[in-house]
Amino acid sequence: MRPPLLPRVASAASASATPPRRQRTVRPPMPSSPALLSSTPPPAAPVETPKPETTQQHPPPARRRLTLADEEWHPLPLSLAELSLPLTLPTGQTFLWRRTSLSPLRFTAAVGPHLVSLSHLPDDDRLAFLLHNDDPASPSSSVAAARAALCDYLNSAVPLADLWVQFTAADARFAEVAARLGGGGARVLRQDPVECLFQFLCSSNNNIARIEKMVWTLAGYGERLGEVGGFVFHRFPTVERLAQVSEQELREAGFGYRAKYVVGTARKLMAKPGGGAKWLALLRDRELPEVATRYMLPELADKSLTPKLSIVVADAFVAKFGEYAGWAQNVLFIGQLPAKKLVATEVTSDTAKPTKRKRAKMVEIQA
């Protein structure tokens with residue numbers, strides 16, 4: 001047969017000083033051996049040199065992914081103008097995202113049961129996600145579920161770039177802030193109501209570093225999802241789990257007087273019809289005034305900030321900016337942050353300079 005003959009010819013050429021071996025290689029009565037022997041030069045280089053070339057593998061050019069080895073990124077329908085990671089994630093809406101890479105810039109967090117990282121594709125600036133805890137038995141289903149959860153969390157259906165044009169034309173102050181921030185991307189998140197509420201309780205009259213530490217402590221009561229960039233991530237705990245935490249335990253963790261409000265809120269939510277999570281989700285269908293006066297802020301009736309006054313303030317924003325006035329207010333708030341907060345600084349409890357969180361908020365749970 002012909003395949004065994006090639007190695008024998010090579011070995012004969014490389015051992016030309018031993019005639020007995022050369023005689024053995026030409027003795028087998030194979031019809032094609034004379035032609036092969038006459039066409040093959042004595043040096044072994046023609047046989048051995050192609051080998052290194054055949055071992056190199058090149059990735060298929062059609063795949064769209066970040067230039068990171070062994071990581072598959074999945075695009076989302078959001079450009080850089082629609083979502084800027086530094087203007088959206090570390091600016092006070094949430095305290096659960098961690099910067100896990102600087103080049104390329106990457107943020108990581110748990111969105112429901114999905115541990116994901118977000119970054120922008122280098123070729124066209126589209127946002128993309130990397131799923132860290134997909135199900136090996138059904139990876140495509142895991143990616144589809146994570147994509148749906150992220151699109152909901154990031155409010156991807158809202159056309160932010162169009163809104164910025166509208167807001168800029170409506171208000172000179174917004175136009176000035178928008179120009180300073182670089183033209184867009186400060187998106188309002190649609191967080192899980194339970195996660196949003198308990199982060200808000202931690203943020204009252206507090207500094208950024210302490211808020212992050214407290215929220216991270218609460219998240220630690222949830223299911224562990226994995227470790228990325230030196231951070232251990234957990235799914236945010238349920239109301240039922242938070243109701244089991246004692247006030248003393250939170251005080252020892254540095255919550256101070258907020259400990260009783262966290263525990264008390266969890267236990268009151270447990271008493272709501274259908275459970276706390278379901279009751280909070282139903283608030284998304286309420287009109288803003290009914291939420292503010294009936295459910296959220298009844299204690300303000302005798303205070304200087306009356307429900308009537310809060311409605312007047314809300315109406316003023318809506319008259320100027322339209323139904324997405326809360327998005328415009330978010331940008332105006334970001335414009336008041338120190339300049340260093342607008343860059344992607346690493347989020348750690350011991351490096352951030354204490355900054356009091358004093359924010360005049362419009363209470364808004366988006367539908």
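Which helix holds both Glu-247 and Arg-251, and how many residues apart are they? The helix is α13, residues 247–252, and the two sit four residues apart, about one turn of the helix. Their side chains form a salt bridge, with N and O at 3.0 Å. Neither end of this pair is described as buried: Glu-247 is partly exposed at 32% relative accessible area, and Arg-251 is partly exposed at 37%.

Before going on, a word about the model. This is a predicted model. The mean pLDDT of the protein chain is 76, and 68% of the residues reach 70 or more. Two stretches need a caution. Residues 44–69 have pLDDT below 50, and in the model this stretch makes 20 contacts beyond its near neighbours in sequence. Residues 344–367 are also below 50, with 58 contacts beyond near neighbours in sequence. Where pLDDT is low, the predicted coordinates should not be read in detail.

Back to salt bridges. The structure has nine of them, and I will show two more pairs.

The next pair is Glu-71 and Arg-106, whose closest N and O atoms are 3.1 Å apart. What does this pair tie together? Glu-71 is in the loop between α5 (50–54) and β1 (74–75), while Arg-106 is in strand β3, residues 106–111, so the salt bridge connects parts that lie 35 residues apart in sequence. The two ends are not equally covered. Glu-71 has a relative accessible area of 21%, which makes it partly exposed. Arg-106, at 9%, counts as buried. The cut-off for buried is under 20%, so Glu-71 at 21% falls on the partly exposed side of it.

The other pair is Glu-176 with Arg-173, and here the closest N and O atoms are 2.7 Å apart. Both residues belong to helix α9, residues 172–181, and they are three residues apart, about one turn of the helix. Glu-176 is partly exposed at 37%, and Arg-173 is partly exposed at 39%. This pair also belongs to a network of salt bridges that links Arg-173, Glu-176 and Arg-180.

Staying with α9, let us look at what it packs against. Two packed helices are described by the angle between their axes and the distance between the axes. For α9 and helix α18, residues 325–334, the angle is about 60° and the axes are 9 Å apart. The two helices are therefore oblique to each other. The crossing is left-handed. Which residues make the contact? On the α9 side they are Arg-173, Phe-174, Val-177 and Leu-181. On the α18 side they are Ala-328, Val-331, Leu-332 and Ile-334. Note that Arg-173 appears again: it takes part in the contact with α18 and in the salt-bridge network.

The last item is helix α10, residues 193–203. How many of its residues are buried? Nine of the eleven are, so α10 is largely enclosed by the rest of the structure. Among the buried ones are Pro-193, Val-194, Leu-197, Phe-198 and Leu-201. Glu-195, Gln-199, Cys-202 and Ser-203 are on that list too. As for what covers them, the helices include α7 (139–153), α11 (208–219) and α12 (239–243). The cover also includes α14 (258–270) and α15 (276–282).

To finish, here is the picture again. Within α9, Glu-176 and Arg-173 form a salt bridge about one turn apart, and α9 packs obliquely against α18. Helix α10 is largely enclosed by the rest of the structure.

Technical notes: Residues numbered from 1 in each chain as written. Predicted model: local features only at pLDDT ≥ 70, side-chain atom pairs only at ≥ 80, totals over all residues. Heavy atoms only, no water. Salt bridge = Lys/Arg side-chain N within 4 Å of Asp/Glu carboxyl O. Buried < 20%, exposed > 50% of the residue type's maximum accessible area, 1.4 Å probe, protein only. pLDDT = per-residue confidence, 0-100. Contact = heavy atoms within 4.5 Å. Axes fitted to C-alpha atoms, helices over the stretch in contact; angles between N-to-C directions. Parallel < 35°, antiparallel > 145°, perpendicular 65-115°, else oblique. Left-handed = near helix turned anticlockwise from the far one by under 90°.
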